[in-house]
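Subject: Structure for your review

Dear colleague,

I am handing over the structure we spoke about, and below it you will find an account of what was found in it. Please read the text with the model open beside you.

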Amino acid sequence: MVSTRNCFKDSRGQDQPNAKRPRLVMRREGVLKLLLNASIWPNLPVERASDKIIRFTCSSTVSSKEAVSEPPKPGSYLLRLPRKDQCDELYNAIIKTRDSM
């Protein structure tokens, strides 16, 4: 099971224009294994696939043995949340962050 709590964090400080970009970070519940670590950029393709599902395309920077020899490749991700209101909140936060860049 994947934890949906705190899966989105805007890491930019309001008074720090040179701060790192905001990221989508997803970890496995319990063991906290990193599953997704993706930067949000101004043209990030994100859409609602259904009431509880968000689809986005990004290059995840999760480290692996293959990542040493190859650059990250774009991938399409479907993120299913348990409730519609959680999906609405996350989608709106991603869009707001993306559009404010």
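Phe 56 stands opposite Tyr 77 of strand E6, and I begin with these two residues of what is, please keep in mind, a predicted model. The strands that carry them, E5 (residues 53–58) and E6, pair in the antiparallel sense over 6 bridges. Helix H2 (residues 84–99) packs on the sheet and touches E4, E5 and E6, while its direction makes about 165° with that of E4.

The structure holds 1 aromatic pair, and Phe 56 and Tyr 77 are the residues that form it, in a stacked arrangement with 5.7 Å from centre to centre and 20° between the planes. This pair links distant parts of the chain, since Phe 56 belongs to strand E5 and Tyr 77 to strand E6, 21 residues apart. How far is each of the two partners, Phe 56 and Tyr 77, accessible? Phe 56 counts as buried because its relative accessibility is 2%, below the 20% under which a residue is called buried. Tyr 77, by contrast, counts as partly exposed, because its relative accessibility of 25% falls between the limits of 20% and 50%.

As for the sheet itself, 3 strands form an open sheet in the order E4-E5-E6, with antiparallel pairing. Its edge strands are E4 (46–50) and E6, each of which pairs on one side only, and the twist averages 30° from one strand to the next.

The nonpolar interior can be described through its largest core, which has 17 residues, and in which Leu 36, Val 46, Ile 54 and Phe 56 are those with the most contacts. At least two residues of this core come from each of E2, E3, E5 and H2, and H2 gives the most, with 5 residues. Ile 54 may be a useful place to start when you inspect contacts: not counting residues up to four places away in sequence, Ile 54 touches Val 46, Glu 47, Arg 48, Tyr 77, Leu 78, Leu 79, Leu 81, Cys 87, Leu 90 and Tyr 91. Two of the residues in that list, Arg 48 and Tyr 91, also meet each other, in that the charged end of Arg 48 sits over the ring of Tyr 91, 5.6 Å from its centre.

A further pairing involves E2 and E3, which run in the antiparallel sense over 5 bridges, and there the bridge partner of Arg 27 is Leu 34 in E3. The hairpin of E2 and E3 has 6 residues between the strands, and within this hairpin Gly 30 takes a positive phi near 95°. Which sign does the phi of Leu 32, which is not a glycine, have? The phi of Leu 32 is positive, at about 60°. Most residues other than glycine have a negative phi. Leu 32 is found in the loop between strand E2 (23–27) and E3, and it counts as exposed because its relative accessibility is 53%, over the 50% that the term requires.

At the other end of E3 (residues 34–39) lies Ser 39, which is buried because its relative accessible area is 18%, under the 20% cut-off. Leaving aside its neighbours within four places in sequence, Ser 39 is in contact with Arg 21, Pro 22 and Arg 23.

Lys 73 offers a contrasting case, for it lies in the loop between helix H1 (65–69) and strand E6 (75–80) and is exposed, with a relative accessible area of 62%. Lys 73 and Ser 59 are 14 residues apart in sequence, yet their C-alpha atoms are 5.6 Å apart in space. With neighbours within four places in sequence left aside, Lys 73 is in contact with Cys 58 and Ser 59.

Finally, on the chain as a whole, there are 2 helices and 6 strands, which follow the pattern β-β-β-β-β-α-β-α along the sequence. Buried residues make up 26% of its 101 residues, and among contacts between residues at least 6 apart in sequence, 47% join residues at least 24 apart.

With kind regards

Technical notes: Residues numbered from 1 in each chain as written. Predicted model: local features only at pLDDT ≥ 70, side-chain atom pairs only at ≥ 80, totals over all residues. Heavy atoms only, no water. Helix = DSSP H or I, 4+ residues; strand = E, 2+ residues; numbered from the N terminus. Buried < 20%, exposed > 50% of the residue type's maximum accessible area, 1.4 Å probe, protein only. Contact = heavy atoms within 4.5 Å. Pairing = 2+ DSSP bridges. Axes fitted to C-alpha atoms, helices over the stretch in contact; angles between N-to-C directions. Phe/Tyr/Trp six-rings, centres within 6.5 Å; stacked < 30°, edge-to-face > 60°. Lys NZ or Arg CZ within 6 Å of the ring centre and 35° of its normal. Core = buried A, V, L, I, M, F, W, Y, C linked by side-chain atoms within 4.5 Å.
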